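Please look over the sequence and the 3D structure below. The report that follows takes up charged pairs, then a helix face, then the packing of two helices.

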Amino acid sequence: MTIESIELWHKRARPEPTAKDFNVQLGCHLEEVVEMLDTMVFDTPTGEMLGAHTLARSALETLSQQLKRGVAHAAVFNREGFLDSAADQIVTSVGVGHCAGMQTAEAVERVSRSNWTKTVDGEFIRDANGKIAKPATYVAPDLSGLF
């Protein structure tokens with residue numbers, strides 16, 4: 001699977017995305033950053049990173065939840081800058097995985113295949129806020145051997 005395949009999944013999930021769809025997806029994106037932070041330990045000689053980690057995690061989690069629930073709203077005012085940042089996040093994410101000795105490209109393939117199992121009879125099921133749910137047909141990705 002390629003980035004085009006991932007984009008196709010999103011196009012099928014939301015053929016005509018709305019501002020609400022954007023906010024829910026942005027909330028989901030930030031939720032993944034929080035999940036990444038939850039897998040890490042930060043340390044400095046003074047211990048100051050623990051506070052920064054806790055503060056960043058808390059702020060991102062709050063923003064994520066508020067975006068997904070429709071309490072907070074975001075809009076892009078600089079489309080070129082936003083696209084550049086989104087593309088850079090993909091590139092740096094692959095780089096972080098590589099530097100951690102992980103097979104990020106294959107992991108993305110497996111996660112993408114897993115996402116396609118979120119359909120029921122070709123349709124996406126959403127929660128009350130519009131986030132795509134994991135129905136009984138969902139199969140979690142097997143990332144064994146990649147880390």
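A salt bridge is a side-chain nitrogen of Lys or Arg within 4 Å of a carboxyl oxygen of Asp or Glu. By that rule, the whole structure holds 7 salt bridges. Keep in mind that this is a predicted model.

## Salt bridges

Three of the pairs are set out here.

| Pair | Closest N to O distance |
|---|---|
| Lys68 and Glu31 | 3.1 Å |
| Lys131 and Glu31 | 2.9 Å |
| Arg110 and Glu106 | 3.1 Å |

Start with Lys68 and Glu31, whose side chains meet in a salt bridge. Lys68 lies in helix H3 (residues 48-69) and Glu31 in helix H2 (residues 19-38), so this pair ties together parts that are 37 residues apart in sequence. Are these two residues buried or exposed? Buried means under 20% relative accessible area. Lys68 has 8% relative accessibility, so Lys68 counts as buried. Glu31 has 19%, so Glu31 counts as buried too.

Next comes Lys131, which forms a salt bridge with Glu31. Lys131 lies in the segment after strand S2 (123-124), while Glu31 is in helix H2, so the pair ties together parts that are 100 residues apart in sequence. Lys131 is partly exposed, with a relative accessible area of 25%.

Now turn to Arg110 and Glu106, joined by a salt bridge. Both lie in helix H5 (residues 104-115). They sit 4 residues apart, which is about one turn of the helix. Arg110 is partly exposed at 22% relative accessibility. Glu106 is partly exposed as well, at 29%.

Which residues are joined into one network by salt bridges that share partners? They are Glu31, Lys68 and Lys131.

## One face of helix H1

Helix H1 covers residues 3-13. Its buried residues include Ser5, Trp9 and Ala13. Seen down the axis of H1, the buried residues fall within an arc of 80°, so they line one face of the helix. What covers them? The cover includes H5 and S2. The face of H1 turned away from the buried side carries the exposed residues Ile3, Glu4 and Lys11.

## How H2 and H3 pack

Two packed helices are described by the angle between their axes and the distance between the axes. For H2 and H3, the angle is about 155° and the axes are 8 Å apart. Angles over 145 degrees count as roughly antiparallel. H2 and H3 are therefore roughly antiparallel to each other. H2 passes H3 in a left-handed crossing.

Which residues make the contact? On the H2 side they include Asn23, Val24, Leu26, Gly27 and Glu31. On the H3 side they include His53, Arg57, Leu60, Leu67 and Lys68. Glu31 and Lys68, which take part in this contact, are also partners in a salt bridge.

Asn23 deserves a separate look. Asn23 lies in helix H2. It is buried, with a relative accessible area of 5%. Leaving out residues up to four places away in sequence, Asn23 touches Leu67, Lys68, Ala72, His73 and Ala74. Of these, Leu67 and Lys68 are among the H3 residues in the helix contact.

Definitions and conventions: Residues are numbered from 1 along each chain as its sequence is written. This is a predicted model: local features need pLDDT of at least 70, side-chain atom pairs count only at pLDDT 80 or more; totals for chains, interfaces and linings use all residues. Side-chain values use heavy atoms; hydrogens and water are left out. Helices (H or I, at least four residues) and strands (E, at least two) are DSSP runs, numbered from the N terminus. Buried means under 20% relative accessible area, exposed over 50%, partly exposed in between (1.4 Å probe, protein chains only). The arc is that of the directions from the helix axis to the C-beta atoms. Contact means heavy atoms within 4.5 Å. Axes are lines fitted to C-alpha atoms, for helices over the stretch in contact, and angles run from 0 to 180 degrees between N-to-C directions. Angles under 35 degrees count as roughly parallel, over 145 as roughly antiparallel, 65 to 115 as roughly perpendicular and the rest as oblique. A crossing is left-handed if the near helix is turned anticlockwise from the far one by less than a right angle, and right-handed if clockwise.
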